[in-house]
Protein chains: 4
Amino acid sequence: MNFTSDNIAGASPEILQAIVAGNGGVAAPYGMDPWTAEAEARLSDVFERDVAAVLVATGTGSNALALAALAPPGTAVFCHLEAHVIEDECGAPEFFTGGGKLVGIPGEGGKITPDGFEAALARFPRGIVRQVQPAALSLSQVTEAGTLYTPDEIRALCDMAHAAGVAVHMDGARFANAVAALDVAPADITWRAGVDVLSFGATKNGAIACEAITFFDPARAGDMLFRRKRGGHTVSKGRFLGTQMAAFLTDGHWLDLARHANRAARRLADGLAAVPGVRMPWPVQANEIFPILPAAVDDALKAAGGRYYPWTTRSLAAQDAPGAGERMVRLICAFDTADEAVDEFVAVAARAGAVQA
Amino acid sequence: MNFTSDNIAGASPEILQAIVAGNGGVAAPYGMDPWTAEAEARLSDVFERDVAAVLVATGTGSNALALAALAPPGTAVFCHLEAHVIEDECGAPEFFTGGGKLVGIPGEGGKITPDGFEAALARFPRGIVRQVQPAALSLSQVTEAGTLYTPDEIRALCDMAHAAGVAVHMDGARFANAVAALDVAPADITWRAGVDVLSFGATKNGAIACEAITFFDPARAGDMLFRRKRGGHTVSKGRFLGTQMAAFLTDGHWLDLARHANRAARRLADGLAAVPGVRMPWPVQANEIFPILPAAVDDALKAAGGRYYPWTTRSLAAQDAPGAGERMVRLICAFDTADEAVDEFVAVAARAGAVQA
Amino acid sequence: MNFTSDNIAGASPEILQAIVAGNGGVAAPYGMDPWTAEAEARLSDVFERDVAAVLVATGTGSNALALAALAPPGTAVFCHLEAHVIEDECGAPEFFTGGGKLVGIPGEGGKITPDGFEAALARFPRGIVRQVQPAALSLSQVTEAGTLYTPDEIRALCDMAHAAGVAVHMDGARFANAVAALDVAPADITWRAGVDVLSFGATKNGAIACEAITFFDPARAGDMLFRRKRGGHTVSKGRFLGTQMAAFLTDGHWLDLARHANRAARRLADGLAAVPGVRMPWPVQANEIFPILPAAVDDALKAAGGRYYPWTTRSLAAQDAPGAGERMVRLICAFDTADEAVDEFVAVAARAGAVQA
Amino acid sequence: MNFTSDNIAGASPEILQAIVAGNGGVAAPYGMDPWTAEAEARLSDVFERDVAAVLVATGTGSNALALAALAPPGTAVFCHLEAHVIEDECGAPEFFTGGGKLVGIPGEGGKITPDGFEAALARFPRGIVRQVQPAALSLSQVTEAGTLYTPDEIRALCDMAHAAGVAVHMDGARFANAVAALDVAPADITWRAGVDVLSFGATKNGAIACEAITFFDPARAGDMLFRRKRGGHTVSKGRFLGTQMAAFLTDGHWLDLARHANRAARRLADGLAAVPGVRMPWPVQANEIFPILPAAVDDALKAAGGRYYPWTTRSLAAQDAPGAGERMVRLICAFDTADEAVDEFVAVAARAGAVQA
């Protein structure tokens, strides 16, 4: 009953097997191996256009490098005020952008609205020298609240961004979960909607450690190979990234893994929603759940060995926030979460909820 | 007959097996898993003292993070003028140190001498505000010329460094090859000789991607976990680093792998040295060879499918440099280099050398 | 009737004369001249203790260098969300701190409250690797809203900061106005209250271009001479900074200049407050006024040649914000603001206000 | 008899008077004042084309900002190995370029030769990811050895640079001395020869503190106003920079000042050259002299109150270097160096030289 995160899982057997299969013989280093080329080709297939992709081993590296490619030193990067890039990466985007300013935008359920973005842009007018100039917008899909942007919502924000001379990055650490949940073409929530660069994560969905910095305009990839090397993110035996990403994208494996995680989260959410006193402040749309639990339920789950994190947020209206005797928590399901663990967890909660009700 | 580098090899079967074995079930992320703890414990065993180790996936990341821990923004890092950190990392040390100045020191055979270090230090006197202040010395063991520092040589340089208020880093991308070749205790060429931080590489000697930033004074590790995260180098599923390093250090596996590579290089060097017209400007002490070949031999090897890099250097006295009709090249042997490949390579060279002589 | 800022004024005759007087003969460069030594001695007198002071030519340079001395790369600097350092310095603090994160704290009237600071600190818990760690608190005295912290308010915030391992910087671009208005010993609102480093500005109060980065613990000044040089802020002919600061601090000249500006602002505020429809959302405590004007008054002032800036703020409670037909503006008085200009301005406003009322 | 530097002098009376004259009344801040506009217009006159100029108070600021505009993070800046930017600015160029690599090129007499530049470029081939990419060449005119590049020499280096995709910066801290000495049009040693950006210094030639970052292609100035602000180099009361530069460039004042300094240096050099045992390893072409003195002469000069710096260099062929009993020193003349001081200095040297000979 460990729902702390999707990075506590190992790798999917298929991906691990691909790594093992790629081990024999010599291969060119630094991403010049055939598996990396295959991964890039599959990304182009997935996105229905030629893309330029650069593989790295971490999501923070992927985000920070992508943002640095869009935001020169001394500019502003806009994101939700609880986005991973502003809250959870220990200043990596600031470091890689050479001191860029991350500007947090409020918005319920982890989502930026056009009004919120407009208000933020208005604070950084073009040509005013005392202000850093707007350079990039970073959208998280899935968001930090486990919610999703629709294709139309993304397009509206991208149009605003481009009109303001601002490029758009998508933090897709859980991009697979988003595509699986929305049941859209990957292109529909990325380049067709205006996204310029995607940090496409495989790690949380079954890889060991692999993320693809994906440029929808290959010309824009420009100096990313230099940036990656300078950031220390060029894996020497690059085949081990290439084999992961190629296997991840083969025969829809990435979506199968994500669908499993999403289904487990749905099962968990439905079960908890039926427990007296449990509330769901945000819609459950992918593989993350943020229920508000009665304290007794939380205590019972902890006592029964349930593992998950307490949650605080600035993305909840006052009337929806946890009240006395309530606790907000975060639960995440992974590609390998077992139905049994979900059901046991729900059962414990149900018993505790019934007692209290 | 591919001798381009030791990063064209895959992983050793033992290390790959450890990764597979560590895959099942849940494990705490970010290096809080049991394998990472085991790796750190084995590092303490190997070095005969408590060390603090932080694992990353790349050698450039390991070097740049280690140097940043020793050299605050606006200081000088001394190294050989052909060291990897100054020549081959695309400015990563400058980036991570916040604009540090890498100061290259000349020295034959890739080695810094006390005289060379003294002259370099003299250019950056303490307290002179127009100059960056000395902060770190980085020694490569094995050097970029395939040579080795003796324990006494290291101690002499470390003593000078410490007397000048300068901390010592060792770039040990091929540290295993050095220990195997010198047949010394790892402590003898590190902390007992005065080294403060070691970038201990496993990748080039049989891992997929794993390097241990090793602090011999654990108190000095200080904020490395923050630095690593901020650099995007904290691998999410940290178990995959921990399993590699633990397996690498189990039952002397790391030294077995290195000895194999060193023996192959010795076999190759001895074979080539017997070819008429072939010269060895530097002693062959580990797994890298830098022969100067007659052009005809080079041509014959290329024609026969031999793969390796041409080499230019600023670490060779004028009288030893390649003359007309000569070409300097670099050959590297790996943990899995086959005797057959070596022997075939030598045979081709021998035939070509005989024809020409 | 130009109230746009206090940097549209020239220099006070006394300070200009000191520059001229210091021009003859040779003098050691880079701040080693006798006038700079005299300036430092007078700063020690003013603050009733030995201080270490480093002179620079700009306020942004002073703030950014001071913050960089307190906040190592990858840490957080707390300030009011409308502080000059976060809003008006084009990312200089982020640049000089090597990518530090400026964290804006809300607070009415431009002031940080203990509750606000506590909430901000809580978002950056010690030892949590995904978060930058708290390093510095920057207080503006005078604030960006023209208000003042009392000695007790400063002490309370400093105590909280120090308890959290956070050093305190004061942006004193208008420090003279604060001291003059509060009628306290300079020490009472700085080191006696817990401030570690003060950016003490002379420019806005009558100098050409001179600011003193003042360390109350001289040992803490440490490497500031190197930082200053590396930032390009070491003025070659340093005597021209030294003469300014020495003259500024001679015979209470700095307080005379500030008192003049404060009195002019008081006269202006009193005059405007009597105009029908004019509101003062914040108390006028130094030399800056932020009245909310009826549109007709604003129009009349503009038509009559009045010069000042419109103002938007996030530091006003909703019920106090400008309503329909109202406009918030900023007016600043300088050391040389003439009573005639103030009276003429007020008269124009009064006439327009009377018509409308 | 103080020949330590040209920054020990004060300001020329004309420039000081211009500052005083500009002091009255209000003026727009941040360089939007009429004097700054006048300075920019005069720069366009001086260079016979429209230029974009941004004024700052320090030479290091000017150089570092200019280089940052040409060299994005992670690139290489080439310069003579004893250039001010690499040796004497405490890492400011590295800081402002976000960790750029300053590559020192050897060359006798402080000058880069085409061969030297070609060899340096060859070390940083385009497209090789492990190497930072070439971005800028910085030429010092006057050089650190007091020598001058001819227009043809500059053009040859600029042509090589541009062919390699490298922009050219000129460090003109003593540009006036160069123009005066060469008796050429300022355009002939800058944009007509291929220089892209000039750090045009006034400070060392009679200003208080003023340097003009001068872009010969105004479109290239681009974001310099933002860079300047972000570096803390935007002087608040910008009129004090504008008045200096405008006066400096009025009626050839800048060249009058430089000619005086050059003449004094010539007088000093001629006098010393006649002293037995004194050698001049480099030609004296502007206002700096680097004689090699017999120890007895050096001792006598010091005893008589002569002030100057000892000099060490890596730009002298072995056979020309100071031998036993010889000492190399640096002497600099300023815009206000008196003939009497020169003659007294020479007389002391002559007496000591005669005794020894």
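This passage looks at how chains B and D sit against chain A, and then at aromatic contacts inside the chains.

The model is predicted, so a few ground rules apply: local features need pLDDT of at least 70 and side-chain atom pairs count only at pLDDT 80 or more, while totals for chains, interfaces and linings use all residues. Residues are numbered from 1 along each chain as its sequence is written, chains are lettered from A and ligands numbered from 1 in written order, and side-chain values use heavy atoms, with hydrogens and water left out.

Take the B–A pair to begin with. A turn of 180° with a shift of 0.0 Å along the axis lays chain B on chain A with an RMSD of 0.0 Å (least-squares superposition on the C-alpha atoms of residues with pLDDT of at least 70 in both copies). The two copies are thus related as by a two-fold rotation axis. They also use the same surface, as 100% of the contact residues of chain B recur in chain A. With contact meaning heavy atoms within 4.5 Å, chain B puts in 44 residues and chain A puts in 44 residues. The size of an interface is often given as the accessible area lost when the parts come together. Here, buried area is what two parts lose on being put together, summed over both, with a 1.4 Å probe. For chains B and A that comes to about 3,700 Å², with carbon and sulfur atoms giving 60%. On the chain B side, F95(B), R230(B) and K237(B) lose the most area to chain A, together 21% of what that side buries. As for salt bridges (a side-chain nitrogen of Lys or Arg within 4 Å of a carboxyl oxygen of Asp or Glu), the count between chain B and chain A is zero.

Now for chain D. A 180° turn with a 0.0 Å shift along the axis also lays chain D on chain A, at an RMSD of 0.0 Å. G98(D) is the chain D residue that comes closest to the rotation axis, its C-alpha being 3.2 Å away. The copies meet through the same surface, because 100% of the interface residues of chain D are also interface residues in chain A. This contact takes 14 residues from chain D and 14 residues from chain A. It buries about 1,000 Å², and carbon and sulfur atoms give 74% of that. In chain D, V129(D), F226(D) and R230(D) lose the most area to chain A, together 56% of what that side buries. Between chain D and chain A the salt-bridge count is zero.

On to the rings. Searching the whole structure turns up 66 aromatic pairs over all chains, where rings of Phe, Tyr and Trp (its six-membered ring) pair if their centres lie within 6.5 Å, planes under 30 degrees apart counting as stacked, over 60 as edge-to-face and the rest as tilted. F3(C) and F345(C) have ring centres 5.0 Å apart and planes at 70°, so they pair edge-to-face. F3(C) lies in the segment before α1 (13-21) of chain C and F345(C) in helix α14 (residues 339-356), so the pair ties together parts 342 residues apart in sequence (helices, H or I with at least four residues, and strands, E with at least two, are DSSP runs numbered from the N terminus). F3(C) is buried at 1% relative accessible area, and F345(C) counts as buried at 1% (buried means under 20%, exposed over 50%, partly exposed in between, with a 1.4 Å probe and protein chains only).
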